[in-house]
Amino acid sequence: MANAIIRGMSSKSFKYKDVYIHSRSKSKIDIPIDSNIKLIECNTNIEVIKKSKYIFLAVRPDIYDDVLLEIKHAINNDKLIITMAAGYEIAQVKKIIGEHKVVRTMPNTPAIAGCGYTIVSFDDLITSSEKNDIIEILNTFSEAQEASEKIINAYSAISGSGPAYVFMLIEAMADAAVLLGIPREEAYKAVEYTVFGSSKLALDTGMHPGVLKDMVCSAGGTTIEGVRTLEEKGFRSSIIECVINTYKKNLQISNIR
């Protein structure tokens with residue numbers, strides 16, 4: 001996700017030009033030669049905190065506590081801590097670092113392709129100017145949507161986990177295509193473009209998904225037979241249960257922490 005954020009910022013004009021990073025894994029981050037930012041590697045997390053205003057914690061959720069404990073003494077009221085971990089609430093961050101500015105985000109993996117969807121919740125200390133800056137950063141790699149933190153776990157069950165379910169749909173449709181004689185590579189490409197195009201059609205037109213579905217289903221035709229089969233197999237019910245159970249798991253993770 002760090003790569004997605006940096007690549008997004010490098011491709012857009014933004015008032016903050018210097019980006020400071022520290023990675024213990026020393027993983028390489030590639031940015032275009034004509035990047036709009038200057039990437040500066042730091043030796044420690046503390047160095048990043050001291051030189052930055054907006055601090056993204058792009059680390060594994062299981063080491064959040066350790067990183068926050070490490071950096072808490074370097075945080076002051078001019079710094080904003082931006083989290084991106086499922087089930088990790090703003091109050092839990094403040095319990096470790098004190099009453100400082102915290103932003104909670106939930107991006108998703110399509111951000112790597114520059115077309116993600118990010119939910120963001122702000123604590124009461126964040127100014128309007130700071131909110132605008134954060135939204136502008138998030139919009140470089142995703143569509144950013146502000147939401148109350150009490151509903152962020154529900155969004156996470158859709159946009160955060162949802163790509164996995166879409167990829168399963170792509171894989172299943174491609175498997176069927178291979179069974180019908182279409183070469184594997186061509187099958188994936190056909191399904192991927194179909195999913196992409198269908199999503200874009202829904203976004204661009206704003207039409208109800210049911211109406212768009214009906215446009216494909218001619219009377220007594222092949223598509224309505226496929227729809228009947230999906231309904232018989234409990235397709236929509238399975239998706240609903242999947243999202244609900246994902247949401248419940250998010251709540252469990254929050255309670256454990």
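## Sheet architecture

Five strands form an open sheet in the order E3-E4-E5-E6-E7, and their pairing is mixed. Strand E3 (54–56) and E7 are the edge strands, each of which pairs on one side only. On average, neighbouring strands of this sheet are turned by 25 degrees against each other, direction ignored. The model described here is a predicted one.

Helix H5 packs on the sheet, where E3, strand E4 (80–83), E5, E6 and E7 are touched by the helix. The direction of H5 makes about 165 degrees with that of E6.

## Strand E6 and its neighbours

Strand E6 comprises residues 116–122 and is mostly covered, with six of its seven residues buried. In the sheet order, E6 stands between E5 and E7, and the two pairings have the following character.

With strand E5 (residues 101–106), E6 pairs in the antiparallel sense, and four bridges connect the two strands. Within this pairing, Arg104 has Ser121 of E6 as its bridge partner. With strand E7 (residues 142–146), E6 runs parallel, and five bridges join the pair. Two partnerships can be named on this side: Gly116 is bridged to Ser142 in E7, and Thr118 has Ala144 in E7 as its bridge partner.

## The β-α-β unit

The parallel strands E6 and E7 also belong to a right-handed β-α-β unit, in which they are combined with helix H5 (residues 128–138). The helix of this unit is thus described twice: H5 is part of the β-α-β arrangement with E6 and E7, and H5 also packs on the sheet, with contacts to E3, E4 and E5 as well as to E6 and E7. Strand E7, which takes part in the unit, is an edge strand of the sheet.

## Thr194 in helix H8

A separate site concerns helix H8, which spans residues 184–205 and contains Thr194. Is Thr194 buried, exposed or partly exposed? Its relative accessibility is 44%. Buried would require a value under 20% and exposed a value over 50%, so Thr194 counts as partly exposed.

The side chain of Thr194 has a polar atom that lies 2.7 Å from the backbone oxygen of Ala190. Ile170 is 24 residues apart from Thr194 along the chain, and the C-alpha atoms of Ile170 and Thr194 are separated by 9.3 Å.

Conventions
Residues are numbered from 1 along each chain as its sequence is written. This is a predicted model: local features need pLDDT of at least 70, side-chain atom pairs count only at pLDDT 80 or more; totals for chains, interfaces and linings use all residues. Side-chain values use heavy atoms; hydrogens and water are left out. Buried means under 20% relative accessible area, exposed over 50%, partly exposed in between (1.4 Å probe, protein chains only). Two strands pair if DSSP finds at least two bridges between them. A crossover is right-handed if, with the strands pointing away from the viewer, the path from the first strand over the helix to the second runs clockwise. A polar contact is a pair of N or O atoms within 3.5 Å; within protein, one must be able to donate a hydrogen and the other to accept it, and residues adjacent in sequence count only if both atoms are side-chain atoms. Axes are lines fitted to C-alpha atoms, for helices over the stretch in contact, and angles run from 0 to 180 degrees between N-to-C directions. Contact means heavy atoms within 4.5 Å.
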